[in-house]
Amino acid sequence: MATLRSSRALLDHIADESLAAPVRVKEAKERGAPVVGTFCVFTPWELVRAIGGISVSLCSTSEKPIAAAEAHLPRNLCPLIKASYGFALTDTCPYFHFCDIVIGETTCDGKKKMYEYLNRLRPVHVMQLPQTTEGESARALWRAETERLKEVIESFYGRAITDDALREAIRLKNRERRVLNRFFAVARLDPSPLTGLEILAVSDYLKCSMASEEALGVVEELTEALEEERRRGKGREAEGRKRILITGCPLGKSLHKVIRAVEEQGGGAVVAFENCGNLKSSTDLVDESRPPMEAIADRYLHIPCSCMSPNPRRLEFLSRFREEYAVDGVVDVILQACHTYAVESFSVREHLKGLGIPYIAVETDYSQGDEGQLSTRLNAFLEMI
Ligand code: SF4
Ligand code: SF4
């Protein structure tokens, strides 16, 4: 058996490879691969893969392009929407630069209106997402929208999507989800051998790795290395830290300030992220035994996003992850002007109160000016737990 590299060496490798991700997209484009841009985890990844394409997650988490976006968009809009548009407008997102078409969904109002302007820069296909996951009509609408997306991709690229190719794509994406879930589960150890920023670095790495066997192998090796180091008593984390679950809006580099406030200044340990790109999008698999298009549509419809009304699965996920990760407290990260997550904050607080779990909501944006304030509030929260 080959010797495992150390977890430190593997995490360094992941950091280096993540920096090289835009180059890999450029090379794939030069080889003639379809490149499809996405913003949201409702986009069925398998449909893009089934034509041999790559699905790239477009940049949306920096303050830098927001000023440019505000020339067209109102200032009091969620920073994620403004950054998404600003990156495209200023041509500073390498993934947008190389993508042929963007797939959007009618999630929140701001995003769906932004797509109208984005469509001037690149063809945008918007999937009409039902407002609820419940009932036959919602399922029928989303299945029809998934079929429509299949037709759009086929006609845009002039390639047919076969059931065999879909089944292969389903198997591959499920494998990626399993690899990620097994990696996330390492943080269930007490103390967790991972920091919150390391967990995010790994999920971001897989997000831009095009589900390559090499990347999946690296994450599997990292998981084994962390487990082995623990067995040999080489844990990397201090004991006695309060275990924190992060929920709420999608996270990106500009929101690492929240993780730093919990871990570096507050002495806590972030052990789980319920947000998109993490447990929310990796937990459910596509059922491999069912007809592929139906199975894909049903799996994606059930993502517990606050844009759905009602959204009971988010509370179910929180109960489940709180137990699995032995969580001491929950931090809800809400982006300014994100009404759906802000409104859900009350029911999340109530739900967690019923479970006896301390909860705090922090509202923020992509600027770094509130780091001190975040640190003070989260410090006080961690002390109170
Ligand atoms: S929070 Fe909702 S709208 Fe945002 S990426 Fe996740 S699923 Fe999409
Ligand atoms: S964070 Fe909220 S407002 Fe912003 S894009 Fe996501 S759902 Fe919409």
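Two strands pair if DSSP finds at least two bridges between them. That rule opens these exercises on a predicted model.

**Exercise 1. Decide how S5 and strand S6 pair, then place both in their sheet.**

Step 1. S5 and strand S6 (residues 269-273) share four bridges. The cut-off is at least two, so the strands pair. Their sense is parallel.

Step 2. Fix the register. Leu245 stands opposite Ala272 in S6.

Step 3. Extend to the sheet. Four strands form an open sheet in the order S6-S5-S7-S8, with parallel pairing. S6 and strand S8 (359-364) are the edge strands, each pairing on one side only. On average, neighbouring strands here are turned by 30° against each other, direction ignored.

Step 4. Add the S7 to S8 pairing. Strand S7 (residues 329-335) runs parallel to S8, joined by six bridges. Leu335 has Thr364 as its bridge partner in S8.

Step 5. Add the helix. Helix H12 (residues 256-265) lies across S5, S6, S7 and S8. H12 runs at about 140° to S6.

**Exercise 2. Determine how many residues of strand S5 are buried, and which way they point.**

Step 1. Count. In strand S5 (residues 243-248), six of six residues are buried.

Step 2. Sort by direction. Arg243, Leu245 and Thr247 point one way. Ile244, Ile246 and Gly248 point the other way. Both sets are buried.

**Exercise 3. Find the edges of the sheet with the order S2-S1-S3-S4.**

Step 1. This is an open sheet of four strands, paired in parallel.

Step 2. Strand S2 (54-57) and strand S4 (124-127) each have a single partner strand, so one side of each lacks a neighbour in the sheet. These two stand at the edges. The average turn between neighbouring strands of this sheet is 30°, direction ignored.

Step 3. Check one pair. Strand S1 (residues 35-38) and S2 run parallel and are joined by four bridges. Gly37 stands opposite Val56 in S2.

Step 4. Add the packing helix. Helix H8 (residues 136-157) touches strand S3 (101-105) and S4. Its direction makes about 165° with that of S4.

**Exercise 4. Classify Ile153 as buried or exposed, and list its contacts.**

Step 1. Ile153 lies in helix H8.

Step 2. Ile153 has 23 C-beta neighbours inside 10 Å, so Ile153 counts as buried.

Step 3. Set aside neighbours within four places in sequence. Ile153 is then in contact with Leu47, Val48, Ile51 and Ile161.

Step 4. Take one contact further. Val48 is 105 residues from Ile153 along the chain, yet their C-alpha atoms are separated by 7.6 Å.

**Exercise 5. Describe the packing of helix H9 on helix H10.**

Step 1. Helix H9 (residues 163-185) and helix H10 (residues 196-207) pack at about 175°. Their axes are 11 Å apart.

Step 2. That angle makes H9 roughly antiparallel to H10.

Step 3. H9 contributes Glu176, Leu180, Phe183 and Phe184 to the contact. H10 contributes Ile199, Val202, Ser203 and Leu206. By class, the contact has six nonpolar, one polar and one charged.

**Exercise 6. Describe the shells around ligand 1 and ligand 2.**

Step 1. Ligand 1 is surrounded by Cys40, Val41, Phe42, Thr107, Pro250, Cys276, Ile303, Cys305 and Cys307. Eight are nonpolar, one is polar and none is charged.

Step 2. Ligand 2 has 13 residues around it. Cys78, Leu80, Cys108, Cys249 and Cys338 come nearest. The classes are nine nonpolar, three polar and one charged.

Step 3. Locate the helices. Helix H5 (79-89), helix H7 (109-118) and helix H16 (339-355) each supply at least two residues of the shell around ligand 2.

Note on methods: Residues numbered from 1 in each chain as written. Chains lettered and ligands numbered in written order. Predicted model: local features only at pLDDT ≥ 70, side-chain atom pairs only at ≥ 80, totals over all residues. Near = placed C-beta within 6 Å. Nonpolar A, V, L, I, M, F, W, Y, C, P; charged D, E, K, R; others polar. Axes fitted to C-alpha atoms, helices over the stretch in contact; angles between N-to-C directions. Contact = placed C-beta atoms within 7 Å. Parallel < 35°, antiparallel > 145°, perpendicular 65-115°, else oblique. Buried ≥ 20, exposed ≤ 12 C-beta atoms within 10 Å, placed from the backbone.
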